[in-house]
Amino acid sequence: MWGVNYKKVSLDTWIQLFGMIGLLGGLVFVGLEMRQSQQIAIAGQVQARNEAFLNLYLTLMGEDPIGRSLVASGHLGANRDPSSLTSAEYDVWHAIKSWQVSSLQNAYQQYEMGLLPDNVWEGVDLRIKAQYANCHIRPIWLSYSTPSVRDYLGRISQECNVGFAETAN
């Protein structure tokens, strides 16, 4: 018969094997903890962005009569033409639009760094495109944007839904 040689494995070898298995288990646990920490950080950033947005509207509705008027009349929508606004109303409108552009640019940068989930980015992307399609708002985008955001803007539609392309220059 064919003889099978069994070799006795030393206790040290078994200890090393179980030690490596324990080490791998620990690394998997650390990886899961890191993923959870990233999700908590993303949730915190989403909360902070939403809170800042709500605080802006609360301020406009509570303290500034021009801001309240713009909110009530719907002039803060992406498809509104500000040419009918008074000089004072336009100044407030411009400040609000500048804030919105900065907020959306922040969201783009977070998405670019992998800190914004795809499903949240889809909504942000739609808001950016809607704002950028208003050629009254486009100069604000072009003034305040970082180079990476300007590259992104160059890849989306350049058609104006409101205003004329000449106003963007």
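**Reading a predicted helical model**

Mentor: Let us start from one residue of this predicted model: Cys 135 has a relative accessible area of 0%, and is therefore buried.

Trainee: Which residue is the disulfide partner of Cys 135, and how far apart are their sulfur atoms?

Mentor: In general, a disulfide is a covalent bond that joins the sulfur atoms of two cysteines. Here Cys 135 forms one with Cys 160, and their sulfur atoms are placed 1.4 Å apart in the model. Cys 135 belongs to the loop between helix 4 (118-132) and helix 5 (138-144), while Cys 160 sits in the segment after helix 6, so the pair ties together parts that are 25 residues apart in sequence.

Trainee: How many disulfides does a search of the whole structure find?

Mentor: The search finds one disulfide, which is the pair of Cys 135 and Cys 160 just described.

Trainee: Is Arg 138 buried or exposed, and in which helix is Arg 138 found?

Mentor: Arg 138 is part of helix 5, and with a relative accessibility of 4% this arginine counts as buried. Arg 138 also gives a distance to Cys 160, since the C-alpha atoms of these two residues, 22 residues apart along the chain, are separated by 9.2 Å.

Trainee: Stepping back to the whole chain, how many helices and how many strands are there in the protein?

Mentor: The protein has six helices and zero strands, and reading along the sequence gives the pattern α-α-α-α-α-α. Of its 169 residues, 28% are buried, and the protein exposes about 11,300 Å², of which carbon and sulfur atoms supply 60%. If you take the contacts with a separation of 6 or more, 62% of them are between residues 24 or more positions apart.

Trainee: At what angle do helix 3 and helix 6 pack, and how far apart are their axes?

Mentor: The general idea is that two packed helices are described by the angle between their axes together with the distance between those axes. In this model, helix 3 (residues 87-112) and helix 6 (residues 147-155) pack at an angle of about 95°, with 10 Å between their axes, and the two helices are therefore roughly perpendicular to each other.

Trainee: Which residues of helix 3 and helix 6 meet?

Mentor: From helix 3 come Gln 105, Tyr 108 and Glu 112, and they meet Ser 148, Val 149, Tyr 152 and Arg 155 of helix 6. Sorted by character, the residues of this contact divide into three nonpolar, two polar and two charged.

Trainee: With which residues is Gln 105 in contact, once its neighbours within four places in sequence are left aside?

Mentor: Gln 105, which lies in helix 3, is then in contact with Trp 141, Tyr 144, Ser 145, Thr 146 and Val 149. Its relative accessibility is 10%, so Gln 105 counts as buried.

Trainee: Where is the place of Ser 69, and what is its relative accessibility?

Mentor: Ser 69 is in helix 2 (residues 65-73), and at 36% relative accessibility this serine counts as partly exposed. The C-alpha atoms of Ser 69 and Glu 89 are separated by 8.7 Å, although the two residues are 20 residues apart along the chain.

Technical notes. Residues numbered from 1 in each chain as written. Predicted model: local features only at pLDDT ≥ 70, side-chain atom pairs only at ≥ 80, totals over all residues. Heavy atoms only, no water. Axes fitted to C-alpha atoms, helices over the stretch in contact; angles between N-to-C directions. Helix = DSSP H or I, 4+ residues; strand = E, 2+ residues; numbered from the N terminus. Parallel < 35°, antiparallel > 145°, perpendicular 65-115°, else oblique. Contact = heavy atoms within 4.5 Å. Nonpolar A, V, L, I, M, F, W, Y, C, P; charged D, E, K, R; others polar. Buried < 20%, exposed > 50% of the residue type's maximum accessible area, 1.4 Å probe, protein only. Disulfide = S-S within 2.5 Å. Areas by Shrake-Rupley, 256 points an atom, 1.4 Å probe, with all protein chains shown as cover.
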